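Student: I am new to this structure and would like a close look at one part of it. Could you walk me through the salt bridges and the surroundings they sit in?

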Amino acid sequence: MWKGPREGKSSILTILDLRERNYRLAVVNGWLVWLGDTFLNPNIVLSGFAAKLGAPGALIGLLPALLQAGGMIPQAFLAPWVARLPKKIVLYRRVAALRLSGVVLMALSAFLFGQNPTLLLAGFLLGLLLNALFTGVSSLPFWEVVAKTTPPEKRAALFSARNLVGGLLAFLAGFLVREVLALPLPYALLFALGALAFGLGWYLFGLTDEPEEAPNETRLDLKAPLRRSEFRRYLRVRLLLGLAGMAEPFYAVYAVRVLGKREELGLYLAFYALAFTLSNLLWARLAERGSKRVLLAGAFLGLLAPFLAMALPSGAFGLVFLLQGAYLAALGLATTTYLLNLAPPEERSASIGLANSISGLFAFSTVLGGYLSDRLGFPALFLLAALFYALALYAGRKLPEEG
């Protein structure tokens, strides 16, 4: 049975100790990316934007799918090349401007084509696609740099520090989003703020001092991780979670189209960020005893969310986003740290690339979710998502323990 390293005990003071340069750059990068993700949150802001334009459910589901799949699917194909680079940060720097160009195009489309929904939607989708594709190029070197510059015992602390302050900033930004949505050209302004936050965050991480290593000329075997039973079990859980995610962007769509809560999206965003941040303190402490516990807790809470969405009255619907922030925080932290600890150093690129590429394909489950919501209604979609969360919870219990 595989045994991963235990995470060292941490407190708020220790995880926010930014004296080490690479740690500081990675943490501040996370804070700024948090802000960017708030202004362009795919499950709330982008879905609400598309719903306001009258886009069909399948197209709304495509928005978060493009961001997630575009950032994950290319990784297996890039892994052999990235593994041969002596310094991965160089590739990360080169694609930062290309990633930013996509977000800038989204903002320009919203500024220039506000009176032409067809052109607006076309420019918006093109910008989103560009950003997603170049995110896929930069994701693998990002994780490689983090793995090389952050010891295993500090990885949970690193992501906790990024999420703690980043989530608080996002919570405050949620109220800003609420005010911006009442202004003319609200989404153009939100996309511009997102471009500013992303651009600065990517630039800072590009300053990381990555130790150079000898080029790896050996052929990268992408099948090697699949020969390990613990990796196959992990991948099964990731795929079930990907299918369960088909409902994630449609809580906001349900709020806009069924409950008439268009102006409350900023408030929901603040609830989401607050829950993500505060729950992260619990998840970080729980992760000290193994990421599997955090993953199981996240899957269980994810199972509750669809039932809560169907049971709550209109005035209390914000509780769904509180719960969503909590379980997505758990799943994000657990799947990341578990994979980094699971992969042997010689298989790290193959494991990360393969797991993320295969999981990225299942990000398109949100397109299926949109189709189902249009054809069968929101209750059917929410119940199906609950079923997949239940299956992920069952499969997650079979993962090997860490420690």
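Tutor: Happy to; we begin with the chain as a whole, then go through the salt bridges, and end with two buried spots in helices.

Please keep in mind that this is a predicted model. The protein chain has 17 helices and zero strands, so every named element you meet below is a helix or a loop between helices. Along the principal axes, the C-alpha atoms fill a box of roughly 55 × 40 × 40 Å. A compact globule of 403 residues would have a radius of gyration near 22 Å, and the 20 Å of this chain agrees with that. Of the 403 residues, 60% count as buried. Contacts also reach across the sequence: among those with a separation of 6 or more, 87% join residues 24 or more positions apart. On the outside, the chain exposes about 16,200 Å², and carbon and sulfur atoms supply 66% of this area.

Now to the charges. There are 37 positive and 23 negative side chains, and the centres of the two sets lie 4 Å apart. The count of salt bridges comes to three.

Let us start with E210 and K148, whose side chains meet with an N to O distance of 2.6 Å. This pair links distant parts of the chain, 62 residues apart. E210 sits in the loop between α9 (186-205) and α10 (229-244), while K148 belongs to helix α7 (residues 117-149). Are these two residues buried or exposed? E210 counts as buried because its relative accessibility is 1%, under the 20% limit. K148 has 19% and therefore counts as buried too, by that same 20% limit.

The next bridge joins the side chains of E264 and R178, at 3.6 Å from N to O. E264 lies in the loop between α11 (250-257) and α12 (265-287), and R178 lies in helix α8 (residues 152-180), so this bridge ties together parts that are 86 residues apart in sequence. Here the setting is partly exposed: E264 has a relative accessible area of 21%, and R178 has a relative accessibility of 32%.

The remaining bridge is formed by E230 and R228, with their closest N and O atoms 3.4 Å apart. Both E230 and R228 are buried.

To round off the picture, here are two buried residues and their neighbours. A385 is part of helix α17 (residues 378-396), and its relative accessible area of 0% makes it buried. Leaving aside residues up to four places away in sequence, A385 touches A244, M246, A247 and P306. By contrast, the C-alpha atoms of A385 and L340 are separated by 27 Å, with these positions 45 residues apart along the chain.

G102 is found in helix α6 (residues 89-112) and is likewise buried, at 0% relative accessibility. With residues up to four places away again left out, G102 touches G127, L128, L130 and N131. The C-alpha atoms of G102 and L133 are 9.4 Å apart, and the two residues are 31 residues apart along the chain.

Note on methods
Residues are numbered from 1 along each chain as its sequence is written. This is a predicted model: local features need pLDDT of at least 70, side-chain atom pairs count only at pLDDT 80 or more; totals for chains, interfaces and linings use all residues. Side-chain values use heavy atoms; hydrogens and water are left out. A salt bridge is a side-chain nitrogen of Lys or Arg within 4 Å of a carboxyl oxygen of Asp or Glu. Helices (H or I, at least four residues) and strands (E, at least two) are DSSP runs, numbered from the N terminus. Buried means under 20% relative accessible area, exposed over 50%, partly exposed in between (1.4 Å probe, protein chains only). The radius of gyration is taken over C-alpha atoms; the globule rule is 2.2 Å times the number of residues to the power 0.38. Contact means heavy atoms within 4.5 Å. Accessible areas come from the Shrake-Rupley method with a 1.4 Å probe; for residues, only the protein chains shown count as cover. Lys and Arg count as positive and Asp and Glu as negative; His and the chain ends are not counted. The place of a charge is taken as NZ of Lys, CZ of Arg, CG of Asp or CD of Glu.
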